[in-house]
Amino acid sequence: PVASVLEVGGVKIGREDVVRDDPTNNVPDTVFSKLGMQLHRRDQHPIGILKNAIYEYFDTSYSNKFDKFDNLCPIVTVKQNFDDVLVPADHVSRSYNDTYYVDSQTVLRCHTSAHQAELLRNGHTHFLVTGDVYRRDSIDSTHYPVFHQMEGVRVFSPADWEISGVDATSYVAEDLKKCLEGLARHLFGSVEMRWIDTYFPFTNPSFELEIYFQEKWLEVLGCGVTEQEILKRSGKMDNVAWAFGLGLERLAMVLFDIPDIRLFWSTDERFTSQFSDGELGVKFKPFSKYPPCYKDISFWISEAFTENNLCEIVRGVAGDLAEEVQLIDNFTNKKGMTSHCYRIAYRSMERSLTDEEINELQWNVRNQVESKLKVVLR
Ligand code: PHE
């Protein structure tokens, strides 16, 4: 049972009123109950240890300290999360399939960029925002509906770029890349990295930084030169700025060798006791891995079917016992009906599961898939 009133970032939220009374609400209990957990504010937790190590980099690299925020309420308005950072009205990230809505005007922030505009308006010119963010998504070892981001913003004045002889945008983009390459070295030592051009509604140009780790290129952050419109709206006509947003779980999985994102939520002391304040990059020693159990489910989909909706049901029934949901078969018959087969992996990080328990979970999943997703089980 979860408390009926939560206090998050100084804001009190009546759980019943917020979650249950609005038909546009798509926040399940499993997600709502994560509000206020604040893994990023625990100095002994990998996410908190990483946050502190990044703080240390910014404190030692800049004489002018960045303002730090790690307690801003994750329940924000649609305006804060999307409009204020210029996300187009028809952008997929606004859909009920991708974002958790508390009501039609209120969401669980899907990125820490939700706080950029307000902090700029309040006169902050260089700041870091760390917090829990929420996204409806698939289920596997690197995806969880709640994760943590750190946002960084730095505003420049004409005096900064004028002596450099290059235009403001190039100057700021160059500074941004140097800052983040320095951060990657601070965290990882020497690593191979590369920049990829990309698109975000709130920056232009926009980049992603990838680092080479365990034989793969891993995307660790998005960033770019802030759209002038955002600065203009906050009264900063003559300035240029950069912004970045990095995924703390992604970085922490690599730094601490944590194989599954669910472990960050574990209260098992075989996990929690392995980390301590200030110790970045201590390698996690897995306690014996219990075997996964696989169950397949096949059904004829309807037009409204989405994988995110299926995953929400699986998480609702199995919670953190759900390790992976994978589409293993997909075909359309002569009548134009499409069938999907998903393989669900159930596994506990902490104990072995009984057949009975898993059969019960799968039975519940099947019932809910049939009743809520308007599909026909095969
Ligand atoms: N908000 C972006 C995301 O969540 C990351 C980002 C932040 C990109 C700031 C550019 C600037 O993917």
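Visitor: How far does a polar side-chain atom of His111 lie from a nitrogen atom of the ligand?

Guide: This is a predicted model, where local features need pLDDT of at least 70, side-chain atom pairs count only at pLDDT 80 or more, and totals for chains, interfaces and linings use all residues. Residues are numbered from 1 along each chain as its sequence is written, and side-chain values use heavy atoms, with hydrogens and water left out. From that polar side-chain atom of His111 to the ligand nitrogen, it's 3.1 Å.

Visitor: How much of the ligand's accessible area does the protein cover?

Guide: Arg135 has a polar side-chain atom 2.9 Å from a ligand oxygen, and Gln149 also has one 2.9 Å from an oxygen atom of the ligand. On its own, the ligand has 320 Å² of accessible area (Shrake-Rupley method, 1.4 Å probe), and the protein's share of the covering comes to 90%.

Visitor: What span does helix 3 reach?

Guide: Helix 3 (a helix is a DSSP run of H or I, at least four residues, numbered from the N terminus) covers residues 46–61, which is 16 residues. At 1.5 Å a residue (times one less than the number of residues), you'd expect 22 Å. From first C-alpha to last, the model comes close to that, with 23 Å.

Visitor: Which helix gives the most to the largest nonpolar core?

Guide: A nonpolar core is a set of buried Ala, Val, Leu, Ile, Met, Phe, Trp, Tyr and Cys residues joined through side-chain atoms within 4.5 Å, and buried means under 20% relative accessible area (1.4 Å probe, protein chains only). This one has 65 residues, and those touching the most other members include Ile54 and Phe58. Ten of its residues, written 10 in the tally, come from residues 168–188, better known here as helix 7.

Visitor: How many residues are in the other core?

Guide: Apart from the largest core lies another one, with Leu310, Val325, Tyr346 and Val375 among its members. Its count of residues is 25.

Visitor: Is Ser266 buried or exposed?

Guide: Ser266 sits in the loop between helix 9 (248–256) and helix 10 (269–272). Its relative accessible area is 9%, so Ser266 counts as buried.

Visitor: Which side chain makes a polar contact with the side chain of Ser266?

Guide: Leaving aside neighbours within four places in sequence, Ser266 is in contact (heavy atoms within 4.5 Å) with Phe271, Thr272 and Glu350. A polar contact is a pair of N or O atoms within 3.5 Å; within protein, one must be able to donate a hydrogen and the other to accept it, and residues adjacent in sequence count only if both atoms are side-chain atoms. At 2.9 Å, the partner of Ser266 is Glu350.

How values were computed:
Helices (H or I, at least four residues) and strands (E, at least two) are DSSP runs, numbered from the N terminus. Buried means under 20% relative accessible area, exposed over 50%, partly exposed in between (1.4 Å probe, protein chains only).
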